[in-house]
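Welcome! Here is a short tour for anyone meeting this structure for the first time. Take a moment to look it over before reading on.

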Amino acid sequence: MKTLLKILGALLLLLALVGAGGYAWAKMKSDAVMAQTFDAHTVDFPVPFPLDEAEATAEGLTPQQAGEVAMSRAVERGDHLVHTRYVCVACHGSDFGGGVMIDDPMIGHFLGPNITAGAGGRTSGFGPADWDRIVRHGIKPDGHPAVMPSEDFRLMSDQELSDIIAYIRSRPTVDDTVPPPAPGPLGRVLIATGQIRVSADVIGDHFSAHLAEPPTSEVSEAFGQHLAGVCTGCHNARLSGGPVPGGDPSWPPAANLTAHQEGLAAWTFEDFAATLRSGRRPDGTELRDPMSGVVQFTGRMTDVELEALWTYIRTVPPLPTGG
Ligand code: HEC
Ligand code: HEC
């Protein structure tokens, strides 16, 4: 009996040592991931994008009036983009003063910082190049990787980013300081083992030029593909679904959106649009987290956007789930 207890004791001690050693390794390794620095190109673009000269002339606008019209259109487009397509408000709050991405004791506290130019805000003094690096590359001003899913934004055009900046700057500034990201024990293990990868690493290429303007907003495959850029982070580049990379382990796998029988083979455009607006599938079942959250944004998409998205989705090759 005594021997058995001794063996059990030794085993427990060993487990504790391995656990502590594993954690120390995960901490060291995850700190090293976050301490990397990344280099990226320096871009420039106007905020707001100016009006087409022919249009300004045809309407007989003075340069100042043309500037005002350009700004009000940019702000209007930016408003739609931050609430619908690029969902900045989901993590940074509806006033951009701060919000929550993940707040979990095991995975970590990853809060969206204040991105206004107020006290504690991160963007005072930001020019287009700084916005480009953080939003489309996931790189902070000091070169360190950000824990923000920038791979979803890498297809964003200069004009869209410019519109987003114009809109954020048009809102009142907020004075608030949000604590920096703090990974929890499970978060550290996931980062250390490469199951959560920082966007700067996923994106990889930080020197290719971006699209200057988005494809025309119309029901076309090109516009649909552009819109689908924000779906691929979870549903994968081929839209065949499967486990969400780096997602919360409690999430269901992302659905297969291709026309395969395991996917949306039997769906019509009406089914698709109704699901993305109501959060309920054609059979009446409710979409679960995180898609239930995504629906709050897709629900605000225009008919043209939803139809373009569907047009594109119907052109991707049917694949089994995760294929
Ligand atoms: C899924 C959540 C999420 C979404 C969506 C999101 N962000 Fe972020 N963002 C974060 C988090 C978390 C951080 C903090 C990153 C860090 O410090 O590592 C951050 C950081 C930032 C920063 C500050 C970087 C710095 O200098 O510290 C800016 C600016 C920013 N985001 C802009 C945007 C814009 C613009 C959009 C929409 C196009 C957007 N974000 C969408 C989560 C998000
Ligand atoms: C944050 C991750 C995430 C993003 C971003 C995302 N989805 Fe999803 N989506 C999921 C998950 C997970 C499911 C499965 C939900 C369930 O099983 O209840 C899903 C389910 C769906 C479904 C239901 C299909 C079915 O057969 O049940 C549709 C349609 C869909 N997504 C379309 C989209 C489109 C279009 C976009 C981009 C505009 C998008 N999703 C963006 C994670 C995501």
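The protein carries 23 positive and 38 negative side chains, and the centres of these two sets lie 12 Å apart. Keep in mind as you explore that this is a predicted model. Its secondary structure comes to 13 helices and three strands, and the C-alpha trace spans about 95 × 50 × 30 Å along its principal axes. Of the 323 residues, 40% count as buried. About 16900 Å² of the protein is exposed, with carbon and sulfur atoms supplying 60% of that area. Among contacts with a separation of 6 or more, 66% are between residues 24 or more positions apart.

Now for the iron sites. The table lists the protein donors of each iron atom.

| Iron atom | Protein donors | Distance | Angles among six donor atoms |
|---|---|---|---|
| Ligand 1 | His92 (NE2), Met148 (SD) | 2.0 to 2.1 Å | 83 to 179° |
| Ligand 2 | His235 (NE2), Met291 (SD) | 2.0 to 2.2 Å | 84 to 179° |

The site of the iron atom of ligand 1 is octahedral. Its protein donors come from distant parts of the chain: histidine 92 belongs to helix 4 (residues 88–92), while methionine 148 sits in the loop between helix 5 (128–137) and helix 6 (158–170), 56 residues apart. Both histidine 92 and methionine 148 are buried.

The site of the iron atom of ligand 2 is octahedral too. Here the pair again links distant parts of the chain, with histidine 235 in helix 10 and methionine 291 in helix 12 (residues 291–298), 56 residues apart. Are histidine 235 and methionine 291 buried or partly exposed? Histidine 235 counts as buried because its relative accessibility is 10%, under the 20% limit. Methionine 291, at 22%, counts as partly exposed. For comparison with these angles, the ideal values for six octahedral donors are 90 or 180 degrees.

Histidine 235 also leads us to serine 240, which is placed in the loop between helix 10 (232–235) and helix 11 (269–278). Serine 240 is buried, with a relative accessible area of 0%. Beyond its neighbours within four places in sequence, serine 240 has contacts that include His235, Asn256, Thr258 and Leu319.

Helix 12 holds threonine 298 as well. Threonine 298 is buried, at 9% relative accessible area, and, leaving aside neighbours within four places in sequence, touches Leu276 and Leu306. Leu306 is one of the buried residues of helix 13 (residues 303–313), together with Glu305, Ala308, Leu309, Trp310, Tyr312 and Ile313. The buried residues of helix 13 pack against helix 3 (63–85), helix 9 (221–228), helix 11 and helix 12.

Finally, some backbone details. Most residues other than glycine have a negative phi, and most peptide bonds are trans. A cis peptide bond joins valine 47 and proline 48, with omega about 0°; proline 48 lies in the loop between helix 1 (2–35) and helix 2 (53–58). The bond from aspartate 289 to proline 290 is cis as well, with omega near 5°, and proline 290 is in the loop between helix 11 and helix 12.

Where is the positive phi of about 65° found? Phenylalanine 96 has it, although this residue is not a glycine. Phenylalanine 96 sits in the loop between helix 4 and strand 1 (99–104) and is buried, with a relative accessible area of 0%. Valine 87 has a positive phi near 40°; valine 87 lies in the loop between helix 3 and helix 4 and counts as partly exposed at 27%.

Technical notes. Residues are numbered from 1 along each chain as its sequence is written. Chains are lettered from A and ligands numbered from 1 in the order in which they are written. This is a predicted model: local features need pLDDT of at least 70, side-chain atom pairs count only at pLDDT 80 or more; totals for chains, interfaces and linings use all residues. Side-chain values use heavy atoms; hydrogens and water are left out. Donors are N, O and S atoms within 2.8 Å of the metal (3.2 Å for Na, K and Ca); water is not among the atoms, so sites may look incomplete. Four donors count as tetrahedral if all angles lie between 85 and 135 degrees; four count as square planar and six as octahedral if opposite donors are over 155 degrees apart and all others between 65 and 115; anything else is irregular. Helices (H or I, at least four residues) and strands (E, at least two) are DSSP runs, numbered from the N terminus. Buried means under 20% relative accessible area, exposed over 50%, partly exposed in between (1.4 Å probe, protein chains only). Contact means heavy atoms within 4.5 Å. Accessible areas come from the Shrake-Rupley method with a 1.4 Å probe; for residues, only the protein chains shown count as cover. Lys and Arg count as positive and Asp and Glu as negative; His and the chain ends are not counted. The place of a charge is taken as NZ of Lys, CZ of Arg, CG of Asp or CD of Glu.
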